[in-house]
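Here's a quick walk through one fold and its ligand site. Have a look at the picture first, then read on.

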Amino acid sequence: MHGPDTDSDTHVDVDVVIVGGGLAGLTLALQLRQRDPSLRVSVIERQRHPVREGAFKVGESTVEIGAHYFSHVLGLRGHLDAEHLRKFGFRFFFSDGQTQLDRSTELGVSAALDVPSWQIDRGRFENFLTGHVREAGAMVHDGAVVRALELGEAGAPHVVRYEQDGASHGISARWLVDASGRAGLLKRKLGLAERNGHDANAVWWRVSGHVDPNDWSTDPQWLGRCTPPDRWRSTNHLCGEGYWFWLIPLSSGQHSLGIVCDATLHPLDGMNTHAKAMDWLRRHQPRVAQSLEHDGHELQDFL
Ligand SMILES: Cc1cc2nc3c(=O)[nH]c(=O)nc-3n(C[C@H](O)[C@H](O)[C@H](O)COP(=O)(O)OP(=O)(O)OC[C@H]3O[C@@H](n4cnc5c(N)ncnc54)[C@H](O)[C@@H]3O)c2cc1C
């Protein structure tokens, strides 16, 4: 966030301009308007809405503290309950190379947690948030690409230059918030990026239908361990040395899948297409690979 050092009477178009209308930008705009309806808030977002449901962005599994922010701080509990899946906690299987997951070590809750969290369909949520933020009185300029950030010194306004529908625009503000996610516009401009010494890679894709670990066992004791018997609603992680493979169900009927791994142990060029990722999965998590190939799941996207 970048704001003035001193209060100033200088004319500005808005009080706060937020660059990037993803999860962070839209929720901040909503929170600002809820706390102070006199604030003039504008969000500049590259995507045009409505965006696609089910295969839009990663960041689908909320943790309890984030879920608390959405449901209690922003008051979105009704939307979350009606439009997304209640999450059955985190779950980890240490199952590298194994076909029998019910024989591997499992860490995960056996009953629903008192503190709720949700598996979020990001397309559905951001479509909803965009409308909700507008109703709350903020401007959302979508289909608008930010081209330059001009930072004002000593209380002078900041200016965001963007293009929308082939025309160039500028908007001045007392406060500039960079919520552009991995684009990191302000971070790049100010040279703030630092290496953390750990190279990690991720690839992800979505398939139609839901993948249920309970389908992989006939052991009544193992199946009866969870009440309700809803392992599929967990954020399931199948783990091995230097990696986890995630499975996150989405309310729009898709399942989100992804590999997160140490780049030295699992090089990116061994998984950077869907065919290669499936080869990798057959070696490391053969049971889920078999499910994906034989249970009629159609590929929705691959990134
Ligand atoms: C592989 C992976 C898995 C993850 N899994 C999880 C998870 O399970 N749970 C979780 O909580 N988090 C997860 N995350 C983190 C996740 O990315 C964040 O939770 C969340 O998406 C961050 O929201 P954001 O608003 O910062 O970014 P985004 O939602 O990406 O929003 C940034 C917005 O800025 C816009 N933008 C960028 N450049 C411009 C420009 N020049 N002009 C205009 N607009 C622009 C983009 O269009 C985008 O909408 C994961 C991240 C990765 C990489």
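In what order do the six strands of the open sheet run?

## The sheet

Keep in mind that this is a predicted model. The strand order is β7-β2-β1-β10-β9-β8, and the pairing is mixed. As a general reminder, strands of a sheet pair through backbone hydrogen bonds, either parallel or antiparallel. The two ends here are β7 (139-141) and β8 (144-150); each has a single partner strand, so one side of each is left without a neighbour in the sheet. On average, neighbouring strands are turned by 35 degrees against each other, direction ignored.

Now zoom in on the β8 end. Its pairing with β9 (residues 158-164) is antiparallel and spans six bridges. One pair to look for is Val-146, whose bridge partner in β9 is Tyr-162.

## Around the ligand

β8 turns up again at the ligand, where it gives the largest share of the shell, three residues. α1 (23-35), α4 (122-135) and β11 (200-208) are also among the elements that each supply at least two shell residues. In total, 26 residues surround the ligand, and the closest are Ala-24, Glu-45, Lys-57, Ser-61 and Arg-122.

## Polar contacts and cover

Which atoms sit opposite the ligand's oxygen and nitrogen? A polar backbone atom of Ala-24 is 2.8 Å from a ligand oxygen, and a polar backbone atom of Ser-61 is 2.8 Å from a ligand nitrogen. With Arg-122 it's the side chain: one of its N or O atoms lies 2.7 Å from a ligand oxygen.

On its own, the ligand has 980 Å² of accessible area, and the protein covers 73% of that. As for the location, the ligand sits in the largest pocket.

Terms used:
Residues are numbered from 1 along each chain as its sequence is written. This is a predicted model: local features need pLDDT of at least 70, side-chain atom pairs count only at pLDDT 80 or more; totals for chains, interfaces and linings use all residues. Side-chain values use heavy atoms; hydrogens and water are left out. Two strands pair if DSSP finds at least two bridges between them. Helices (H or I, at least four residues) and strands (E, at least two) are DSSP runs, numbered from the N terminus. Axes are lines fitted to C-alpha atoms, for helices over the stretch in contact, and angles run from 0 to 180 degrees between N-to-C directions. A residue is near a molecule or strand if one of its heavy atoms lies within 4 Å of it. A polar contact is a pair of N or O atoms within 3.5 Å; within protein, one must be able to donate a hydrogen and the other to accept it, and residues adjacent in sequence count only if both atoms are side-chain atoms. Accessible areas come from the Shrake-Rupley method with a 1.4 Å probe; for residues, only the protein chains shown count as cover. On a 1 Å grid over the protein atoms alone, a cavity is a set of points where a 1.4 Å probe fits but cannot get out, and a pocket is an open set with protein on both sides within 12 Å along at least five of seven lines; lining residues have an atom within 4 Å of a point. A molecule sits in a cavity or pocket if more than half of its atoms lie within 2 Å of its grid points.
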